[in-house]
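Trainee: I should be grateful for a close look at a single part of this structure, namely the surroundings of the ligand and the helix that contributes to them. Please set it out as one connected account.

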Amino acid sequence: MSDLNGKVALVTGSSRGIGAGIAKEFARHGAKVVVHGRDTAAMSAVRAEIEQAGGQAIQVAADVTSFAEIEDMRGKVERAFGPIDVLVANAGGTPIKPSPLEEISEDGWHASVDANLTATFLTIKSVLPGMKERGSGAIITISSAAARRPHPGSPIAYAAAKAGIELLTKDVAAQAGPYGIRANCIAPEGIRTEQNADLLPTAVLEQLIEQHPLRRLGTPEDIARAAVFLASADSSWITGIVVDIAGGAVLV
Ligand SMILES: NC(=O)c1ccc[n+]([C@@H]2O[C@H](COP(=O)([O-])OP(=O)(O)OC[C@H]3O[C@@H](n4cnc5c(N)ncnc54)[C@H](OP(=O)(O)O)[C@@H]3O)[C@@H](O)[C@H]2O)c1
């Protein structure tokens, strides 16, 4: 079993969905986990679940599109747990719907880039100097199958922002590798979360499942297991890669 014993892990966007799955799995593997988001009640529920299972967690709210709020969060984490060993820059999502390019508003474009690419950049910018000083660290970013190929179901601004995250991750891997820091990216697709699970009518759900060679949708745990591997010493010779966790959807 991959070991994260005593590692301080900040998982942004872990108040729900994929991030919550990663936070719980990290705690199960011995990490001291920072549950993050904006919804206090949702963060508390994840933290309580971790603690009831015997894990260690704190919760910190911050808007990850604001560098000042991220810096403030890092200060709180360091005072409670010490320096951050593992960063999962997971917070993000799409604020706009798929559409032809000319129908994307300027605000929709900026919101998509801010919520994903800028948020990931600002979070890494805050955490990286400390990792460099200590000569160790693991960074995991979250892209999407949307970044892997054009798809009518993917909003262009979101896809472009996620593609930016993939190159940003490779740049961090190249620049920070000599300091003992690894950076890798996970590109999920079709992950069922509490946000989307109940929203899909049965017919749409069946159609979606058909698009995946493995004939099911993914779960936050499918992502979490890969995140544990990429955060732990089991992947100590792996940096700068993008792992598609998509049930084969990017093949078709
Ligand atoms: N689900 C999928 O199939 C899928 C596929 C491809 C990629 N992804 C990517 O995987 C990541 C997680 O997706 P998910 O489906 O788990 O999403 P989700 O259920 O909507 O959760 C998003 C999380 O990010 C947080 N968040 C978003 N914007 C934030 C901001 N500006 N500041 C602070 N926190 C913010 C939310 O916090 P609050 O709710 O507390 O505000 C929440 O914890 C995202 O980057 C998404 O693009 C997901």
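**The ligand shell and helix α1**

Mentor: The residues of the shell around the ligand divide into 9 nonpolar, 13 polar and 5 charged. The model is a predicted one, and the account that follows should be read accordingly. Of the 27 residues around the ligand, those that come nearest are G13, G17, G37, R38 and G92. Two elements, α1 and α4 (106-134), give two or more residues each to this shell. Helix α1 gives the most, with 3 residues, and it therefore merits attention in its own right.Helix α1 spans residues 17-28, and it packs with helix α7, residues 220-231. The two helices meet at an angle of about 50°, and their axes are 8 Å apart. Because of that angle, α1 is oblique to α7. The crossing in which α1 passes α7 is right-handed. On the side of α1, the contact is made by G17, I18, A20, G21, I22, E25 and F26. On the side of α7, the contributors are P220, E221, I223, A224, R225, A227 and V228. Sorted by class, this contact of α1 with α7 has 9 nonpolar, 2 polar and 3 charged residues. G17 thus appears in two settings: G17 is among the residues that come nearest to the ligand, and G17 also belongs to the contact of α1 with α7.

The chain leading to α7 also deserves a remark. R215 is found in the loop between α6 (202-210) and α7. Its phi is near 55°, a positive value in a residue other than glycine. Most residues other than glycine have a negative phi. R215 counts as exposed, because it has 10 C-beta neighbours inside 10 Å, and the cut-off for an exposed residue is 12 or fewer.

A residue in another loop may be set beside R215. A146 has its place in the loop between β5 (137-142) and α5 (156-176). A146 counts as buried, because it has 24 C-beta neighbours inside 10 Å, where 20 or more are required. Leaving aside its neighbours within four places in sequence, A146 is in contact with H151, S154, Y158, A159 and K162. A146 and E189 are 43 residues apart in sequence, and their C-alpha atoms are 7.9 Å apart in space. Of the two loop residues, then, A146 is buried, whereas R215 is exposed.

Key:
Residues are numbered from 1 along each chain as its sequence is written. This is a predicted model: local features need pLDDT of at least 70, side-chain atom pairs count only at pLDDT 80 or more; totals for chains, interfaces and linings use all residues. Axes are lines fitted to C-alpha atoms, for helices over the stretch in contact, and angles run from 0 to 180 degrees between N-to-C directions. Helices (H or I, at least four residues) and strands (E, at least two) are DSSP runs, numbered from the N terminus. Angles under 35 degrees count as roughly parallel, over 145 as roughly antiparallel, 65 to 115 as roughly perpendicular and the rest as oblique. A crossing is left-handed if the near helix is turned anticlockwise from the far one by less than a right angle, and right-handed if clockwise. Two residues are in contact if their C-beta atoms, placed from the backbone, lie within 7 Å. Ala, Val, Leu, Ile, Met, Phe, Trp, Tyr, Cys and Pro count as nonpolar, Asp, Glu, Lys and Arg as charged, and the others, Gly among them, as polar. A residue is near a molecule or strand if its C-beta atom, placed from the backbone, lies within 6 Å of it.
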